[in-house]
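Trainee: Could you pick one part of this and take me through it closely, strand by strand? I'd like the cut-offs too, since I'll want to redo it myself.

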There are 2 protein chains.
Amino acid sequence: MTDSFTISDMAKAARAASRKLAKCSTNQKNTMLRKMADLVEAQADRIRAENRRDIEYAHTKGLSAAMIDRLTVSGATILSMAAGLREVAMLPDPVSEITRVWNRPNGLQICKMRIPLGVIAIIYESRPNVTMDAAGLCLKAGNAAILRGGSEALHSNRVLADIIRQALSETGLPLEAAQVIPVRDRSAVTDLLQLEEFIDLVIPRGGEGLIRFVVENSRIPVLKHYKGVCHVFVDDTADSDMALSICMNAKVQRPGVCNAMETLLVHQSMATSFLPLVAESMQKAGVELRGCDVSCRMLPGMIPATEADWPTEYNDLILSVKVVSGMDEAITHIETYGSSHTDAIVTRDYERARRFVREVDSSVVLVNASTRFNDGNQLGLGAEIGISTTKLHAFGPMGLEELTATKFVVMGDGQIRF
Amino acid sequence: MTDSFTISDMAKAARAASRKLAKCSTNQKNTMLRKMADLVEAQADRIRAENRRDIEYAHTKGLSAAMIDRLTVSGATILSMAAGLREVAMLPDPVSEITRVWNRPNGLQICKMRIPLGVIAIIYESRPNVTMDAAGLCLKAGNAAILRGGSEALHSNRVLADIIRQALSETGLPLEAAQVIPVRDRSAVTDLLQLEEFIDLVIPRGGEGLIRFVVENSRIPVLKHYKGVCHVFVDDTADSDMALSICMNAKVQRPGVCNAMETLLVHQSMATSFLPLVAESMQKAGVELRGCDVSCRMLPGMIPATEADWPTEYNDLILSVKVVSGMDEAITHIETYGSSHTDAIVTRDYERARRFVREVDSSVVLVNASTRFNDGNQLGLGAEIGISTTKLHAFGPMGLEELTATKFVVMGDGQIRF
């Protein structure tokens, strides 16, 4: 299974399976997802035994405690995998949805109908639960999935692949509709990324290194998420309590994730009153502050920020702080250093709220709410397969709809073109 | 202007211009489009003089008569360029359109808002009118455009670029919002295709060679249209007159285009009555017929089709004909040899119509209508910038909406995440 020949066979089989899957009913797909959930729970011991083999391997390879933590399938991981699959089963099926209908003067009726994309390859790191989450979402949207987890999770992913196959088989769906690449070899990924004939989309999930590797080596379109350098701009009309609450939530509720705030922009007229307030709370919460010249003058304890701070995603309890002269400077700063991910304004000014919404070019733009809401579940899309920071096909959190395309359906009575 | 440095400067300037353009009002953009149209008419003599230089160059290079015909800007071309621009000015502006709004239990209001994609590069062959069509559509959707026409149209495209710049300047829009690459050098294209930092999308328009070159050399996402191998399946319940009229229209109304029928599939129970009928009309219209074994036995004059015929886009008065045992074989044939472009069924059977619509995986699927309707104008989208045969981002004819993305806008009252 290590040569490109078999990877290509795998992809070809996925293509064939995707054609069958596209024709399955919603009921069939939901039954299969619930079966997957049942099997995950029923075979928890087997999954955890295989997972222990991965953990031992990780120890011998000297992987970090954080990596091993992410790799570990606990009892809670089992329950959350199963719950996730049941939740996806309950989401509306996007396939065959008619998103628009209109009529033409010659009597033709035109519809746009959602269809599956086809075959989706997911390339990810470490966490074995991604295998189930990603397979569940792809299958529900009628797509075949080719899954390539981190090499350190190989045994865990193999047993999960087995469970998926069993669920597919017991519900009469094609076995090749979800396949896990069963080898550690990185060349398997490089080979996979050439198969544009069989694979419609690649979604890499992981660090910037993995994502750049996929983008640079792929002939297949890639939906990618480079990084989240998220800003909160506190305008001088902001309610101070609201601004404080939003800033604290955006920074400390879960600092290691992509939608956490990395840079706080404060209107100069608000700085004298607001900066000491937010600095005190942040420092109490263990956040290191790195300030621009003006904020350092106001709060002498602050570490001076360098040019390298502004475009940095800390993913940690560190916050850069900049005092700006107003909307223009705030928007220019976000344009210059931001990552088109998530940016928020706190304001009571109608015009500025409108302008921020229109002009900030990010996948999620918020007024008076925490950046932490950039998440498929929080926005009401259901589970998400990732967040796209490029605009082609999808921009922002990607739920089931983003795993589909639309085709035109034309209903006529013999119309011809003149 | 031949080194990659200047191509990169051009792209960087386009990025900056796209940010300004994204903030322009609909009125500003429409005024500019009408100004472009006025200037095209007012400077017709200058355009045609420069076009004659291209034609002379084409003659010295020994280009074919067909190529020279496509290169030529006639009085009618001038009028149609101007009319096209005025038509785009009248289309609704997709930018800032709210495509959906919903509320969350915590009181957040979520909207999806259309935004421009950013910078779009169009790489095309021969016809200088594409310069105006493509620039008009890109600008209306708030995108900056980098245009690279065929090297044989360089003088024509330079003068058109000048007119666009004049229109932008006279309406206060950024001059770099639409730029024509002013050199013949092909390396300019290769350089351009590396600039993923500044360019969001590449649309190649032309022959398969050009499209493959772009796909293979681009780091930027490509919206592509390989070929149109379009089918009409005449079911045995079809109305014979309707089937004949649709087949003739699909094949002969304009045989050189991508939405013309290339293969006719006839249900075996219909073949004895329908094949002689359609063969007679086709032969009268000068269409060469290449048939499967069964159809050759029925109509002895027919040329036997080989395996190479089925996936071929003739773009000519040639039609391959196959008798099929029913829906299953018809759909399998389309799956095997089709190009996901345009496929039609002629039927009076409700279930078969439903099944064809669901199962045929093409950008436009028609029931009882000619394949020639796969066209932005015919489907009611307004002018189109091309037809995509891959599913990512857009599938089928691409109008103004397909030149946009959507972002999430979240309106809150201080909500934080728990």
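Mentor: Two strands pair if DSSP finds at least two bridges between them, and the elements themselves are DSSP runs numbered from the N terminus, with helices being H or I over at least four residues and strands E over at least two. Keep in mind that this is a predicted model, where local features need pLDDT of at least 70 and side-chain atom pairs count only at pLDDT 80 or more, while totals for chains, interfaces and linings use all residues. Residues are numbered from 1 along each chain as its sequence is written, and chains are lettered from A and ligands numbered from 1 in written order.

Let's start with the four-stranded sheet of chain B, an open one with parallel pairing in the order β5-β4-β3-β6. Its edges are β5 (178–180) and β6 (201–205), each pairing on one side only. On average, neighbouring strands here are turned by 15 degrees against each other, ignoring direction. In the middle, β3 (119–124) and β4 (144–148) of chain B run parallel over five bridges, and A121(B) has I146(B) as its bridge partner in β4(B). Helix α6 (129–140) of chain B packs on this sheet, in contact (C-beta atoms, placed from the backbone, within 7 Å) with β3, β4, β5 and β6, and makes about 165 degrees with β4(B). Angles like that run from 0 to 180 degrees between N-to-C directions, using lines fitted to C-alpha atoms, for helices over the stretch in contact. Helix α9 (208–217) of chain B also packs here, touching β3 and β6, at about 160 degrees to β6(B).

Now stay with I146(B). Leaving aside residues up to four places away in sequence, I146(B) touches residues including M10(B), V119(B), A121(B), I181(B) and L192(B). A nonpolar core is a set of buried Ala, Val, Leu, Ile, Met, Phe, Trp, Tyr and Cys residues joined through C-beta atoms within 7 Å; buried means 20 or more other C-beta atoms within 10 Å of a residue's own, exposed 12 or fewer, partly exposed in between, again with C-beta placed from the backbone. The largest such core has 261 residues, and A145(A), I146(A), A145(B) and I146(B) touch the most other members.

The other sheet brings in both chains. It is open, has 10 strands with mixed pairing, and runs β1(A)-β2(A)-β16(A)-β13(B)-β12(B)-β7(B)-β8(B)-β11(B)-β9(B)-β10(B). Its edge strands are β1 (98–103) of chain A and β10 (303–304) of chain B, each pairing on one side only. Within chain B, β7 (230–234) and β12 (342–346) run parallel, joined by four bridges, with V232(B) partnered by A344(B). Helix α11 (268–284) of chain B packs on the sheet, touching β7, β8 (261–267), β9 (288–291) and β11 (318–324), at about 145 degrees to β8(B). Helix α13 (327–337) of chain B lies across β7, β8, β11 and β12, at about 140 degrees to β11(B). β8(B) is mostly covered, with seven of its seven residues buried. β8(B) also runs parallel to β7(B) over five bridges, and C230(B) stands opposite M261(B).

There is cross-chain pairing with the letters swapped as well: β13(A) and β16 (404–415) of chain B pair in parallel over five bridges, with V364(A) facing F408(B) as its bridge partner. The whole contact takes 55 residues from chain A and 55 from chain B. On the chain A side, β16(A) gives the largest share, 11 residues.

Key
Two residues are in contact if their C-beta atoms, placed from the backbone, lie within 7 Å.
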